[in-house]
Amino acid sequence: MCQDPPADTTDTVNDSDSTYSASLGSSTTSVGDSIREYRKLHGRTYHHEVGKAEYWGPNDEKQNDNLDIGHHLFTLVLKNKLYLAPLKNPQKVLDIGTGTGIWALDFADENPQAEVIGVDISPIQPTWVAPNVRFQIDDAGLDWTFQENTFDYIHLRHMTGSFDNWPHVFEQAFKCTKPGGYIEHMDFDIRVVSDNGIVGPGHPMYEWSMRSIDAGEKMGRTFDIATKSKALIEAAGYVDVVETIIKIPVGTWMKDKESKVLGAWSLLFLNTGVEGFSLYLLTSVLGWSIEETQVFLATVRKEFPKLSNQGYYTAHCIYGRKPGGEDTVVS
């Protein structure tokens, strides 16, 4: 497990908003306002550690803006879609790791007949939302207390490094999915590589991605879930599992217009998020000094826009169906 931040760099920030439900021991147990007492590390805020929840990403405005940029990047990867599963008239939908809630809100707008529940460990979602959306502060790494066979669709996205027991998460999801309903998980394989031999061991972008993987292994919360998700979803009991792998360029080095647009948003996502991605992992988990960390990240930032690198990483989108049921899926 990761170390706590040094005492002289940590304090708390109060958020008195009481519009969210919160949890500790299970997905419906109230813990009051303690989860809104944010920690501060090197000028960034992080969620309050309760229960099993331990997350490496900040929850401040800077990071939340990056999450929304990431939402647009994900939709571009899926060719302006929110999901790939062949849904038909979903009535109840669960978004695990909802973040700012932007995916849940967009899905609810496209599917006004559906009740959409967004779950996260930090209360960073808007309080004024459409009537078919609600947010809940839960740790999805614990046992779920949603009723069995409840959801037509369960969605997880950008959850790298979030859980210490992914098989348990998918087993809980399977239990709560209606027969005939779908699960979908989309995540990055964060290894930055290139086919021209430039980006590999020793290159700053590659080393940056590998240090994140190292930190995840040290925490017991893998950053390599994208490549393992399909097998785990199948092991949980889902069938007809489909995996789509998409190359995401770092910058605008690819020739076709669609890839250039994707690469431009990828570059923006990385530039605005690299500190948030790395600060906790490098300092609190791997034990780097803040000075060493900032020098390293400055080197990485310089490499992101270089067209000669031809760097890329991949997104994996996996969906599967719970056996049985009808009317919620396309035949």
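Two residues are taken to be in contact when heavy atoms of theirs lie within 4.5 Å. By this criterion, and with neighbours within four places in sequence left aside, Gly325 is in contact with Pro179 and Gly180 in the predicted model. Gly325 belongs to the segment after β10, and its C-alpha atom is separated by 4.6 Å from that of Pro179, although the two residues are 146 residues apart along the chain. The relative accessibility of Gly325 is 57%, and this residue therefore counts as exposed.

For the protein chain as a whole, the secondary structure consists of 7 helices and 10 strands. Of the 331 residues, 56% are buried. The accessible surface amounts to about 13700 Å², with 52% of this area belonging to carbon and sulfur atoms. Among contacts with a separation of 6 or more, 73% are made by residues 24 or more positions apart.

Seven strands form an open sheet with mixed pairing, in the order β6-β5-β4-β7-β8-β10-β9. Its edges are formed by β6 (133–137) and β9 (239–249), each of which pairs on one side only. On average, and with direction ignored, neighbouring strands of this sheet are turned by 15° against each other. Within the sheet, β8 (residues 177–193) and β10 (residues 312–321) run antiparallel and are joined by 9 bridges. One of the residues involved is Val193, whose bridge partner in β10 is Tyr312.

Two helices that pack on the sheet were examined. Helix α3 (residues 166–176) touches β7 (151–157) and β8, and its direction makes about 150° with that of β8. Helix α5 (residues 229–236) touches β8, β9 and β10, with its direction at about 165° to that of β9. The buried residues of α5 are Ser229, Ile233 and Ala236. Viewed down the helix axis, these buried residues fall within an arc of 60°, so they line one face of α5. Their cover includes α3 as well as strands β8, β9 and β10. Just after α5, Gly237 adopts a positive phi of about 125°.

Strand β10 also contains Thr314. With a relative accessibility of 16%, Thr314 counts as buried because the threshold for this class is under 20%. Apart from neighbours within four places in sequence, the contacts of Thr314 are Asp187, Phe188, Asp189, Ile245, Ile246 and Lys247. The side chain of Thr314 is further joined to that of His316 by a polar contact of 3.4 Å.

Backbone conformation was also considered in two loops. Most residues other than glycine have a negative phi. Lys79, which is not a glycine, nevertheless has a positive phi of about 60°. This residue is found in the loop between α1 (61–77) and β4 (92–96). Its relative accessible area is 55%, so Lys79 is exposed. A positive phi also occurs at Asn149, a residue other than glycine, where the value is near 55°. Asn149 lies in the loop between β6 and β7. With a relative accessible area of 37%, Asn149 is partly exposed.

Key: Residues numbered from 1 in each chain as written. Predicted model: local features only at pLDDT ≥ 70, side-chain atom pairs only at ≥ 80, totals over all residues. Heavy atoms only, no water. Helix = DSSP H or I, 4+ residues; strand = E, 2+ residues; numbered from the N terminus. Buried < 20%, exposed > 50% of the residue type's maximum accessible area, 1.4 Å probe, protein only. Areas by Shrake-Rupley, 256 points an atom, 1.4 Å probe, with all protein chains shown as cover. Pairing = 2+ DSSP bridges. Axes fitted to C-alpha atoms, helices over the stretch in contact; angles between N-to-C directions. Arc of directions from axis to C-beta. Polar contact = N/O pair within 3.5 Å; in protein donor to acceptor, adjacent residues only side chain to side chain.
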